[in-house]
Amino acid sequence: LNKATGETIWQLSEGGSAQVISSSGDEVFYSSENAVMVVDMASGKLKHKYPMPKNMGIPTGSAVYNSWLVFGLSEGPVVLMEKDSGKWVDTFFPGRGISARPSLEQGTNDIYIVSNQANLYKLSLSKRDRSKEFLWGNNR
């Protein structure tokens, strides 16, 4: 929407969606069709649509960390995914999945998540050398 006039600038219909966030000129949102989508903020064009595994539930809203997205799946893991390729860099299984959007603490690069079992987790995004080992132990 145009802030001054309230007019629609563009519209995209890609199924139902969860929380919308924006970062570096992109809007990222999760569809009820079990896909992560990246939309160009200026044009409204769909840049990427990454299907999620159907047996892992619905994606949550995300936190953005550099070129990565961190989100949870309602019946699966928390996922660290490359925003431009859709490649899963790492996963963390909190038990029965996650339904709440992960929260990134600015300045520390720590991610907080609440699992569907009501457990609070703190995951670090900056502790390990990503070229040598997975960030969270890759406990798939």
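Two strands count as paired if DSSP finds at least two bridges between them. Strands themselves are DSSP runs of E with at least two residues, helices are runs of H or I with at least four residues, and both are numbered from the N terminus. Keep those in your pocket for the tour.

Before you click, remember that this is a predicted model, where local features need pLDDT of at least 70, side-chain atom pairs count only at pLDDT 80 or more, and totals for chains, interfaces and linings use all residues. Residues are numbered from 1 along each chain as its sequence is written, and side-chain values use heavy atoms, with hydrogens and water left out.

**Stop 1: the whole chain**

Show the chain as a cartoon. You should find 11 strands and zero helices. Of its 140 residues, 42% count as buried; buried means under 20% relative accessible area, exposed means over 50%, and partly exposed is in between (1.4 Å probe, protein chains only). Switch on the surface, and about 7,700 Å² is exposed, with carbon and sulfur atoms supplying 47% of it. That area comes from the Shrake-Rupley method with a 1.4 Å probe; for residues, only the protein chains shown count as cover.

**Stop 2: strands E5, E6 and E7**

Select residues 68-72, which make up strand E6. How many of the five residues in E6 are buried? Five of the five are, so the strand is largely enclosed by the rest of the structure. Now look at which way the side chains go. In a regular strand, side chains alternate between the two faces of the sheet. Here Trp68, Val70 and Gly72 point one way, while Leu69 and Phe71 point the other way.

Add residues 63-65, strand E5, which pairs with E6 in the antiparallel sense over three bridges. Val64 has Leu69 as its bridge partner in E6. E5 and E6 form a hairpin with two residues between them, and in the turn you can pick out Asn66, with a positive phi of about 55 degrees.

On to residues 78-82, strand E7: five bridges pair E7 with E6, again in the antiparallel sense. A hairpin through five residues joins E6 to E7. Click on Gly72 and look across to Val78 in E7, which stands opposite.

**Stop 3: aromatic rings**

Show the side chains of Phe, Tyr and Trp. Two of these rings (for Trp, the six-membered one) pair if their centres lie within 6.5 Å; planes under 30 degrees apart count as stacked, over 60 as edge-to-face and the rest as tilted. The whole structure has two aromatic pairs. For one of them, select Tyr65 and Trp68: the ring centres are 5.9 Å apart and the planes at 35 degrees, so this pair is tilted. Tyr65 is buried at 10% relative accessibility, and Trp68 is buried at 12%.

Next, select Phe92 and Tyr121. Their ring centres are 5.0 Å apart and their planes at 70 degrees, so this pair is edge-to-face. Phe92 sits in strand E8 (residues 88-92) and Tyr121 in strand E11, so the pair ties together parts that are 29 residues apart in sequence. Phe92 is buried, with a relative accessible area of 13%, whereas Tyr121 is partly exposed at 23%.

**Stop 4: the sheet E9-E10-E11**

Follow Tyr121 into its sheet. Three strands form an open sheet in the order E9-E10-E11, with antiparallel pairing. Which strands stand at the edges? They are E9 (103-105) and E11 (120-124), each with a single partner strand, so one side of each is left without a neighbour in the sheet. Strand E10 (residues 110-114) is joined to E11 by five bridges. To see one bridge, select Val114 and its partner in E11, Leu120.

**Stop 5: a charged pair**

Side chains of opposite charge can pair when their charged atoms come close. A salt bridge here is a side-chain nitrogen of Lys or Arg within 4 Å of a carboxyl oxygen of Asp or Glu. The count comes to one salt bridge. Select Lys122 and Asp110: their side chains meet at 3.5 Å, N to O. Lys122 is in strand E11 and Asp110 in strand E10, 12 residues apart.

Is each partner buried or exposed? Lys122 counts as exposed at 52% relative accessibility, whereas Asp110 is buried at 9%. Finish by showing the contacts of Asp110 (heavy atoms within 4.5 Å). Leaving out residues up to four places away in sequence, Asp110 touches Ser103, Leu104, Glu105, Lys122, Leu123 and Ser124.
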